[in-house]
Protein chains: 4
Amino acid sequence: MARITKSPDERKAELMAIAEQLFIEKGYDHTSPSDIIRKAGIAQGTFYYYFASKDDLARAIIDRYLDRVSEYVSRVANDQTPDAPHKLLMISDALIDLSKKKMGLVGGASIDRSLGGRAEYVNQIKAKLLSVVQQIVRQGVAEGQFNTDYPDETAEILFFVSLYLNRELRNTRDPVERKKKIAASRVLMERTLGTQEGMFRSSL
Amino acid sequence: MARITKSPDERKAELMAIAEQLFIEKGYDHTSPSDIIRKAGIAQGTFYYYFASKDDLARAIIDRYLDRVSEYVSRVANDQTPDAPHKLLMISDALIDLSKKKMGLVGGASIDRSLGGRAEYVNQIKAKLLSVVQQIVRQGVAEGQFNTDYPDETAEILFFVSLYLNRELRNTRDPVERKKKIAASRVLMERTLGTQEGMFRSSL
Amino acid sequence: MARITKSPDERKAELMAIAEQLFIEKGYDHTSPSDIIRKAGIAQGTFYYYFASKDDLARAIIDRYLDRVSEYVSRVANDQTPDAPHKLLMISDALIDLSKKKMGLVGGASIDRSLGGRAEYVNQIKAKLLSVVQQIVRQGVAEGQFNTDYPDETAEILFFVSLYLNRELRNTRDPVERKKKIAASRVLMERTLGTQEGMFRSSL
Amino acid sequence: MARITKSPDERKAELMAIAEQLFIEKGYDHTSPSDIIRKAGIAQGTFYYYFASKDDLARAIIDRYLDRVSEYVSRVANDQTPDAPHKLLMISDALIDLSKKKMGLVGGASIDRSLGGRAEYVNQIKAKLLSVVQQIVRQGVAEGQFNTDYPDETAEILFFVSLYLNRELRNTRDPVERKKKIAASRVLMERTLGTQEGMFRSSL
DNA sequence: TATGAATGAGTTTTCATTCAT
DNA sequence: AATGAATGAAAACTCATTCAT
């Protein structure tokens, strides 16, 4: 086949994009390097020139997410806006936003399902995000805006609900349905945290 | 090798138990028939004497769940206890109970992760349970015991939270941690449904 | 399953009949002992009580043919009718007759196809029949009723044509087609052997 | 093991040649991919790099025949030589020729025996050749050079005799035997078609 | 005579990875 | 940087046969 040379970064990004799509569509285990290679129109060996293994490719994709998520998180954490409810809202909105951009791998079960043995690795992302959420909830309780006896556990559940919502929204096209799902989850957050009603109605 | 003959029911149950454990531990795709065979100490052909394929085994395991879950659900649905909160509590307790009995596959992501192409099949179980939960929530709203503008969506989230809790509890040994997680989820349910405080404190 | 006892001869005959049918339908290699066992409604072990192996069963079926064919042959060979054309006609008619009785295994390729490694064994039948035909042709030449420079080779081809015809007739239902095929083969025999026209018009 | 790289065409041809030989020797069903692989001295995966399955390999071998046979047939059909006897002779010679080149699969039963479920496919080749032969015989009758009341049936038998001869010759080394067999079949053709004696003495 | 659970060597196939060019 | 033929271990499954009851 004709030898098509591209800049390494371009090739690498292209392979990651193709791989990510296939991982989401068919799952990590049912996507073979050959599938990716075929779609990319490259030779068998070229794949291994860029990635040491299929696992290495997965790690690269996750790392990219980790970076993006870290960025979101630090933006929220370092934000001047002082109170917990707004911070929580921002994180929640960020996750919904990610779902719009089809950043498929982040989000509940799908991230696990996609990346076979790399679950521990993936959990880093979750743990990182979760600890931020827990910190926010604790802050909210301390500042008297949230009211709960189990801040860490509640934060965990709410975080999980957000991931769930993120996944649901990726599969829901109907705008009315989307609004209802978002509204229901916001009410749940407000009531669960004992916050002022309407505090979490975002503009999404 | 020495020939160990067992009754078909016994052998079949034994193989399903071993398989289920391995599916949970390593995932469906990373569990080979040979893994199961090795653990069971049988010959290659014996496995296929009982199950036509690896997929057939998966189906058998799921079917068993479907039966058990259906039993739970109909027990709750047909129960004399009249009000929605108690029914909801019973379903929730039932799911926690299942987790104690190590009925591993029921429960959020793990059920999906474990069973390759059988996702649609698994979703039947979820859909069945979910519709029961939605019905209960609607009943509660109608009877004035629950208060929510989005009964179906709320039911869906609460159901998902229950599955999440079920999974978490399977991985949590510390009794203090377990109590906290259960308590947090109960408070979440109560507040989300606008029910009387303490309504959902089960004895679990 | 209920234990159904039959006389050994009956069982054996039943199994041979079922096996023969399956061998013809699906071929020897694609018929498993389990196929036969299933159709017979017996247990796995029962099959091996009657036949030492699948091969042994094949041998038994062929032996039965060998006997039947031998009978036909000796009937023809010892027949009082003196001249070669009539003898040849009788053998040919006999083969056509066998085809009517659906004695499937005799007949050209099918006998080979059906019985995997037993080809040599099967060839005994052919060789036996062929030698009789060759003898008849030689007799016919000696008595001046046939005219050919290559009696043995001609006999071989004619014998093969008969087997071919036998096979064709088993697959031909239409009576007009059947008559044409038989007629064409008879003319071929007559002309090839330089016999009087009409000598071989049998009543079939 | 030492890695021996060959051009795809070479490897493919090599595998097909080895496979064909084994199919003829042991039969299709009793030849495993592993047999072919062992003889070729390659790795398990190399076989499947070239052929998607054992069946695919069979198809490839047959296709090659179909091409070769088609070539022969169209060469004869389009030949300037006008009369039917010569055309028939050419086809017959062509089949004998194929047998010399060890083009083993063409020829009666062996082609069926070798290729499991592919019988229908194989029959296409036969049907194609047969229709050409029938056409030639009809032409010969129309032009007054052949004399038969059953042109199609006679053509069918003669065609089958040719295939039989093709197979016999592949197993006959002795030149005297070969000549006799060819001569006998030629006389049979001449007499059967009521042609002038000596018309079909080819130089083979 | 008959049962049917159990065997195990073999077959067909997959796929992540390597390496000579 | 890129190629693509080749590798080999392991996965999934088959089936003729055995054996304790």
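Helices (H or I, at least four residues) and strands (E, at least two) are taken here as DSSP runs and numbered from the N terminus, and a residue is near a molecule or strand if its C-beta atom, placed from the backbone, lies within 6 Å of it. The model on screen is predicted, so local features need pLDDT of at least 70 and side-chain atom pairs count only at pLDDT 80 or more, while totals for chains, interfaces and linings use all residues. Residues are numbered from 1 along each chain as its sequence is written, with chains lettered from A and ligands numbered from 1 in the order in which they are written.

**Stop one: DNA strand E.** Select the strand and the 43 residues that surround it, the closest being A:S32, B:G45, C:G45, D:S32 and D:G45. At least two residues of this surface come from each of α2 (33-40) and α3 (44-50) in chain A, α1 (8-26) and α3 (44-50) in chain B, α1 (8-26) and α3 (44-50) in chain C, and α2 (33-40) and α3 (44-50) in chain D. Coloured by class, the surface shows 16 nonpolar residues (Ala, Val, Leu, Ile, Met, Phe, Trp, Tyr, Cys and Pro), 9 charged ones (Asp, Glu, Lys and Arg) and 18 polar ones (the others, Gly among them).

**Stop two: DNA strand F.** Here, 43 residues surround the strand, and the closest are A:G45, B:S32, B:G45, C:S32 and D:G45. Two or more residues are given by each of α1 (8-26) and α3 of chain A, α2 (33-40) and α3 of chain B, α2 (33-40) and α3 of chain C, and α1 (8-26) and α3 of chain D.

**Stop three: a helix pair in chain C.** Select α1(C) and helix α4 (residues 54-77), whose axes, as lines fitted to C-alpha atoms over the stretch in contact, come within 10 Å and cross at roughly 95°, on a scale from 0 to 180 degrees between N-to-C directions. The two helices are therefore roughly perpendicular (65 to 115 degrees). Their contact (C-beta atoms, placed from the backbone, within 7 Å) is made by C:M16, C:A19 and C:E20 of α1(C) with C:L57, C:A60 and C:I61 of α4(C).

**Stop four: helix α8 of chain C.** Residues 151-170 form this 20-residue helix, which reaches 29 Å from first C-alpha to last, close to the 28 Å expected at 1.5 Å times one less than its number of residues. Of its 20 residues, 18 are buried (20 or more other C-beta atoms, placed from the backbone, within 10 Å of their own), so α8(C) is largely enclosed by the rest of the structure.

Key: Buried ≥ 20, exposed ≤ 12 C-beta atoms within 10 Å, placed from the backbone. Parallel < 35°, antiparallel > 145°, perpendicular 65-115°, else oblique. Contact = placed C-beta atoms within 7 Å.
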